Amino acid sequence: MKKRTVIAIGIVILLGVAGGRDLYTTFYPQHMINIDGKRLHLGRVYSQHLLSTVVITGDGETLLTVTAPIATVVKQVTTKLQNEVKEGNQSLPYGAKMQLATAYFNTNITLHLSTVVTYNTQHYASISMPLEAVTVNYTVNDELQFNDIIELVQRYQNKIQQIFNNDYNFIN
């Protein structure tokens, strides 16, 4: 009888310790990020925002720049490219009008995509962490059309959102 009581008390204590650890992590989250090789303890995360930048350069000049929340970056890139087509069409005769599906930059271009996540946390009022950056070069012979650029930005957006949701989303 005493042996069973000791075992039962041991099991209750073990469950209490295990449950206490879960309770501790609920009240004191251990969210950690790495910035510039330094591991930073965020504590409780109050807000988090993803900001993406799309930059297209060619011939040493910036052809297009969009910085927007990740949820709207594709829409804003599309709008800017549509405006480029509209401006280009003003000087073209009626039969030679461009569309997003046929327009392209007639120069070698570099497409740079990057995203930063900014946290407002228990230990930092505002801290930003680069999440992902991709740079791709295209030659004029590739004839990368505006629709292709929009599709690349869409795929990048989906990939970054998945990475963020899997590894860096601390607010559920």
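# Briefing: a helix across a sheet

Helix H3 (residues 146-168) lies across strands S3, S5 and S6 and runs at about 30° to S5. The model is predicted. Its chain holds three helices and six strands. From the N terminus on, these elements follow the order α-β-β-β-β-α-β-β-α. The points below take the sheet, the helices, the turns and the cavity in turn.

**The chain as a whole**

- The chain has 172 residues, and 31% of them count as buried.
- Take the contacts between residues at least 6 apart in sequence: 62% of these join residues at least 24 apart.

**The four-stranded sheet**

- In what order do the strands of the open sheet stand? The order is S4-S3-S5-S6, and the pairing is antiparallel.
- Strand S4 (61-69) and strand S6 (127-138) form the edges. Each has a single partner strand, so one side of each lacks a neighbour in the sheet.
- On average, neighbouring strands of this sheet are turned by 15° against each other, direction ignored.
- Strands of a sheet pair through backbone hydrogen bonds, in either a parallel or an antiparallel way.

**Pairs inside the sheet**

- S3 and S5 run antiparallel and are joined by 12 bridges. Thr53 stands opposite Ser114 in S5.
- How many bridges pair strand S5 (residues 109-121) with S6? The two pair over 11 bridges, in the antiparallel sense.
- Two bridge partners can be picked out in S6. Pro130 is the partner of Val116. Val136 is the partner of Leu111.
- S5 leads to S6 through a hairpin of five residues.

**Helix H2 on the sheet**

- Helix H2 (residues 73-90) packs on the sheet, where it touches strand S3 (45-58) and S4. The direction of H2 makes about 145° with that of S4.
- Gln76 is one residue of helix H2.
- Is Gln76 buried or partly exposed? Gln76 counts as partly exposed, because its relative accessibility is 35%.
- Which residues does Gln76 contact, apart from its neighbours within four places in sequence? They are Val66, Thr67 and Ala68.
- Gln76 and Thr65 are 11 residues apart along the chain. Their C-alpha atoms are separated by 9.9 Å.

**The hairpin of S1 and S2**

- Strand S1 (residues 32-35) and strand S2 (residues 38-41) run antiparallel, with four bridges joining them.
- Ile35 has Lys38 in S2 as its bridge partner.
- Two residues lie between the strands of this hairpin. Asp36 takes a positive phi there, near 50°.

**Positive phi in two loops**

- Most residues other than glycine have a negative phi. The next two residues do not follow that pattern: Asp59 has a positive phi, and Glu143 has one too.
- Where does Asp59 lie? Asp59 lies in the loop between S3 and S4. Its phi is near 55°.
- Asp59 is exposed, because its relative accessible area is 64%, and the cut-off for exposed is over 50%.
- Glu143 lies in the loop between S6 and H3. Its phi is near 45°.
- Glu143 counts as partly exposed, at 41% relative accessibility.

**The cavity**

- Rolling a probe the size of a water molecule over the atoms shows where empty space is left.
- How many cavities of 30 Å³ or more does a search of the whole structure find? The search finds one.
- The largest cavity holds about 40 Å³ of space.
- Which residues line the largest cavity? They are Phe105, Thr107, Ile109, Tyr138, Thr139, Val140, Glu143 and Leu144.
- By type, this lining divides into five nonpolar residues, two polar and one charged.
- Glu143 appears here again: the residue from the loop between S6 and H3 is part of the lining of the largest cavity.

Note on methods:
Residues are numbered from 1 along each chain as its sequence is written. This is a predicted model: local features need pLDDT of at least 70, side-chain atom pairs count only at pLDDT 80 or more; totals for chains, interfaces and linings use all residues. Side-chain values use heavy atoms; hydrogens and water are left out. On a 1 Å grid over the protein atoms alone, a cavity is a set of points where a 1.4 Å probe fits but cannot get out, and a pocket is an open set with protein on both sides within 12 Å along at least five of seven lines; lining residues have an atom within 4 Å of a point. Grid points are joined across faces, edges and corners, and a volume is the space filled by probe spheres set on the points. Ala, Val, Leu, Ile, Met, Phe, Trp, Tyr, Cys and Pro count as nonpolar, Asp, Glu, Lys and Arg as charged, and the others, Gly among them, as polar. Two strands pair if DSSP finds at least two bridges between them. Axes are lines fitted to C-alpha atoms, for helices over the stretch in contact, and angles run from 0 to 180 degrees between N-to-C directions. Contact means heavy atoms within 4.5 Å. Buried means under 20% relative accessible area, exposed over 50%, partly exposed in between (1.4 Å probe, protein chains only).
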